[in-house]
Amino acid sequence: MNLLDMTPEAAAGAVTDWVVAKGEPPYRGRQILRRLWQRPIGAWRDATELPVRLREVLAADFPIQRPRLVTRQVSSDGTVKHLWAFGGGGSVESVIIPEGRRRTLCISSQAGCAFGCVFCATGRMGFQRHLSAWEISAQVREVMLQMDTPRPTNVVFMGMGEPLHNWTNVDRALSILNDPRGLSIGARRITVSTVGLIPALAKLAKRSEQFTIALSLHAADSDTRARLMPVERKYPLSDVLRALTQFRRRVTFEYVMIAGVNDRPNDAEALVSFARPLGAHVNLLTLHPGGSPALRPSTPDTMKRFAAHLRAGGVGTTLRRSRGLDIFAACGQLRLEAEGRSHIEPENDGDVQEETAIGSG
Ligand code: SF4
């Protein structure tokens, strides 16, 4: 039985039943549960507050599942990228981005991705498989196990994969991340980023926690968006916009800036018209290498002008600073690198940026 794949509530029930069946006192159950996520261990033998004999039985009955760390790279700017391999096949990436007191961990929800956004390195790989709930949350748990890495303060689903395409497992992973008996990360500090899968958006909106929602927008007119993101043909922006109103909280739009494609004044005007009625905030991201070689990033000056246009139109806008370019930190790039597949060399994109960029997805 894999306790780490259960919600903390279900795991607490399973542990309580097990403790009773073994004739152990109830406080043992609380000790065991704490070692799953609150004070995680790599193996039961490390739970030294438990008797040796109990640790041996726990290891047999509830083996602790862990991924294998394939690569760990540290950028000159402090960004740390991990490539994990899970027994079920496929490798996935997660990136920790320190920024002042904030340590944002960008995690993956799938190995590869089925959505084929043309600017995205992961999109070019195609879809391999969904990650299970424990594989998603393990990316946080494993970082906590590293002695030299402080606990993440924020988690964003902006790594490999479309989280709402894997709703069943992401739903459970959200409980593991947020539950005080789990990894105990506040709901507002957990961001679910999606291309806008309407049926799963409705399910996410039904959850009572105030998770932060980010829409991968990248163009505010349907024709341009459809050229960049095939999903636009199935779930057009007008329908996604209606679906977003279910959340009754501010939504963030992610917008990768691509020269001559979505960075012109009329694109800014369309974005103002789209974002202002929702009171949405826009994050402008630099295009990272790894997607279609035909695409080029907008210049820093163009990004600044675009941001000014949005702000003048009453739309809150942040220019995100690219991080970890020296370690291929945009989603999908490290895995391409590890597999020896082609990538485009990263370019230094100037000094206009003010905050953190994680990836394109
Ligand atoms: Fe998939 Fe996100 Fe990349 Fe699009 S941007 S291909 S949804 S990982």
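In helix H10, Pro 265, Asp 267, Ala 268, Glu 269, Leu 271 and Val 272 meet Phe 306, His 309 and Leu 310 of helix H11. The model in which these contacts are found is a predicted one. Two packed helices are described by the angle between their axes and the distance between the axes. For H10 (residues 265-275) and H11 (residues 300-312), the angle is about 35° and the axes lie 9 Å apart. The crossing in which H10 passes H11 is right-handed.

**Helix H1**

Helix H1 runs over residues 8-21, a total of 14 residues. From its first C-alpha to its last, H1 reaches 20 Å, close to the 20 Å expected at 1.5 Å a residue. Its buried residues are Pro 8, Ala 11, Ala 12, Ala 14, Val 15, Trp 18 and Val 19. These residues lie on the same side of H1 because they cover an arc of only 165° around the axis. The cover over the buried residues of H1 includes three helices: H2 (26-34), H3 (52-61) and H6 (167-178). The other side of H1 carries Glu 9, Asp 17, Val 20 and Ala 21, which are exposed. Just after H1, Gly 23 has a positive phi of about 75°.

**Salt bridges**

There are 14 salt bridges in the structure. The table lists some of them, with the distance between the closest N and O atoms.

| Basic residue | Acidic residue | Closest N and O atoms |
|---|---|---|
| Arg 28 | Glu 24 | 3.9 Å |
| Arg 53 | Glu 24 | 3.2 Å |
| Arg 129 | Glu 135 | 2.9 Å |

Arg 129 is buried, with a relative accessible area of 18%, and its partner Glu 135 is also buried, at 5% relative accessibility. Elsewhere, salt bridges with shared partners join Glu 24, Arg 28 and Arg 53 into one network.

Within that network, Glu 24 forms a salt bridge with Arg 28 and another with Arg 53. The pair of Glu 24 and Arg 53 links distant parts of the chain, 29 residues apart: Glu 24 sits in the loop between H1 and H2, and Arg 53 in helix H3. Glu 24 has a relative accessible area of 15%, so this residue counts as buried, the cut-off for buried being under 20%. Arg 28 is buried as well, at 12% relative accessibility. Arg 53, by contrast, has a relative accessible area of 49% and is therefore partly exposed.

**Surroundings of His 130**

His 130 belongs to strand E6, which spans residues 127-130. With a relative accessibility of 32%, His 130 counts as partly exposed. Leaving aside residues up to four places away in sequence, His 130 touches Ser 109, Gln 110, Glu 135, His 165, Asn 166 and Asn 169. One of these contacts, Glu 135, is the salt-bridge partner of Arg 129. Another, Asn 169, is 39 residues from His 130 in sequence, while the C-alpha atoms of His 130 and Asn 169 are 8.1 Å apart in space. Asn 169 falls within the residue range of helix H6 (167-178), and H6 is among the elements that cover the buried residues of H1.

Notes: Residues numbered from 1 in each chain as written. Predicted model: local features only at pLDDT ≥ 70, side-chain atom pairs only at ≥ 80, totals over all residues. Heavy atoms only, no water. Helix = DSSP H or I, 4+ residues; strand = E, 2+ residues; numbered from the N terminus. Expected span 1.5 Å × (residues − 1). Buried < 20%, exposed > 50% of the residue type's maximum accessible area, 1.4 Å probe, protein only. Arc of directions from axis to C-beta. Contact = heavy atoms within 4.5 Å. Salt bridge = Lys/Arg side-chain N within 4 Å of Asp/Glu carboxyl O. Axes fitted to C-alpha atoms, helices over the stretch in contact; angles between N-to-C directions. Left-handed = near helix turned anticlockwise from the far one by under 90°.
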